[in-house]
Amino acid sequence: MKRSILPLFTVFCVSVCLSWAKSASQPNLIIILTDDQGYADVGFNGSTDIPTPHIDRIANEGVRFTHGYVSFPVCGPSRAGLITGRYQGRFGYRNNPTLNPFDPVAGLPLEEENMAEVLGRVGYHSGIVGKWHLGTHPQFRPNVQGFDEFYGFVAGGHRYFPEDLVYQTIEEVDQKGGWYSTKLRRNEEVVETDEYLTDELSNEAVDFIARNHEKPFFLYVAYNAPHTPMQASQKYLDRFPHIDDKLRRTYAAMVSAVDDGVGRILAELETQNIDEDTLVFFLSDNGGAGNNGSSNLPLRGSKGGVYEGGMHVPFAFRWPGQVPAGVDYEQPVSSLDIMGTMAGLTRVRIAEDRPLDGVNLMPYLQGKEQGPPHEFLFWQMFSAREGAVRSGDDKLVLQSDETVTELYDLGRDLGETTDLAMTQQKKAARLRAAYDEWTSQLKPCPYDRLGTWDPAKPRE
Ligand code: CA
């Protein structure tokens, strides 16, 4: 059982206050994002068949969030929320966009400000390694949206073995699904690799740290593992002879490859003597998917839905000396709070007409602020028009075009088994009113959704 956060505050504050002046306003910032990893599939949430000792260090030497959420239960919109700190529906990013690189609408709107753009104003050098998925048209790519360095791919997933990467660019793709088989890019250059993709991304992340450790940096490590296609190298498969199910074994191997990469990233921080100057955020972009062998237990549901398994994810912060070590933070928090925390730490100005939904979690982690960071957290799905809102332990789930209402008490019933909507109608009405007010602020989605582009058809 981990300690809870409040009793540690007094002891912690003394050590924090002594060291605060050194690096508090411009720490290096690293987000490690996994893709479709299940809530249960990290050691720090109890996994026994897939050891993740390096990922666990982030939680064990920092804070584990027991109720950490992303803002949408699939990849693209979740990333749009993460990188802007705003509910992505506020700017219409309400679906996975088409991957059509000739489409100038399907991407993160240029007028929105992302982390790299904001941090650039206060001197940060920014890099993204891995999956972008925020628009494939050249006008949406990382290098024109604030990132000084980009190493990876622009689509929503990727094949893992180098011999599968047969297209020079996404513009060359001539069949559906081919967007998973483009060569990697370093900024605008096509690069060749002979490595298993997860290892390649880890190599690049470590190299970025080695090259940039003398200046404040922001590194966004967006692993596409363990998203489909399920492909693992023998080195990692050999670690899991105890898992008979082939899908689960491959998934475990893919997670283990990420874990090795996290270990190398953390080791590089020590090598460069910047361990105590670096805040590392770890989370998955949505819950475990139904098709990759993941587990969200004890949560109900999976990627793509608004039960907990869709968006309640493994979530932890680590910053030695600044974030308390080895404790749980139990109030609900959001991936939107990562941007809020970055903005709070660096005191960078945020545009008044685009206020953040995320908040700075540091005062909560340091015991300076009590109570929940959010009165409400909201989600709304795309075409099915499912939704959810959480306040305290109460969660309202809306199904079937928002006509069916379910109410759960997550404090007693994390698995969402007992619907209380009929017996606690007042609570349900309060949550519904807040949800309707929030959805009234969202913009329509302006772009075609994933899967609508058929590269085999001639362009109009
Ligand atoms: Ca995902």
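The paragraphs below lead from the confidence of the model to a buried helix, the nonpolar cores and the aromatic rings.

This structure is a predicted model, and its pLDDT averages 94 over the protein, with 94% of the residues scoring at least 70. One stretch calls for caution, since pLDDT stays under 50 over residues 13–22, a segment for which the model has eleven contacts beyond four places in sequence. Where pLDDT is low, the predicted coordinates should not be read in detail.

A good place to begin is helix 3, which spans residues 75–84 and is largely enclosed by the rest of the structure, because ten of its ten residues are buried. The buried residues of this helix run from Cys75, Gly76 and Pro77 through Ser78, Arg79, Ala80 and Gly81 to Leu82, Ile83 and Thr84. Among the elements that cover them are strand 2 (28–34), strand 5 (125–131) and strand 9 (217–222), together with helix 4 (115–120) and helix 9 (336–346). Just after the helix comes Gly85, whose phi is positive, near 75°.

From there the reader can turn to the nonpolar interior. The largest nonpolar core has 86 residues, and the members that touch the most others are Ile31, Met115, Phe218, Tyr220 and Ile338. Helix 9 provides the largest share of this core, with six residues. A second, separate core of 47 residues includes Ile58, Tyr196, Leu219 and Val280. Returning to Tyr220, and leaving aside neighbours within four places in sequence, one finds this residue in contact with Arg79, Leu82 and Ile83, as well as with Ile31, Leu33, Gly127, Ile128, Val129 and Phe147.

The aromatic rings offer another way through the model, which holds 21 aromatic pairs. In one of these pairs, the rings of Phe161 and Tyr196 have centres 5.7 Å apart and planes at 45°, so the pair counts as tilted. Phe161 belongs to the loop between strand 6 (149–153) and strand 7 (184–186), while Tyr196 belongs to the loop between strand 8 (189–191) and helix 5 (197–212), and the pair therefore ties together parts that are 35 residues apart in sequence. The two partners can also be described by their accessibility: Phe161 is partly exposed, with a relative accessible area of 22%, whereas Tyr196 counts as buried at 5% relative accessibility.

Elsewhere, ring pairs link Phe65, Phe281, Phe315, Phe317 and Tyr329 into a cluster. A ring also takes part in an arrangement with a charged group, as the charged end of Arg300 sits over the ring of Tyr307, 3.8 Å from its centre.

How values were computed. Residues numbered from 1 in each chain as written. Predicted model: local features only at pLDDT ≥ 70, side-chain atom pairs only at ≥ 80, totals over all residues. Heavy atoms only, no water. Buried < 20%, exposed > 50% of the residue type's maximum accessible area, 1.4 Å probe, protein only. Helix = DSSP H or I, 4+ residues; strand = E, 2+ residues; numbered from the N terminus. Contact = heavy atoms within 4.5 Å. Core = buried A, V, L, I, M, F, W, Y, C linked by side-chain atoms within 4.5 Å. pLDDT = per-residue confidence, 0-100. Phe/Tyr/Trp six-rings, centres within 6.5 Å; stacked < 30°, edge-to-face > 60°. Lys NZ or Arg CZ within 6 Å of the ring centre and 35° of its normal.
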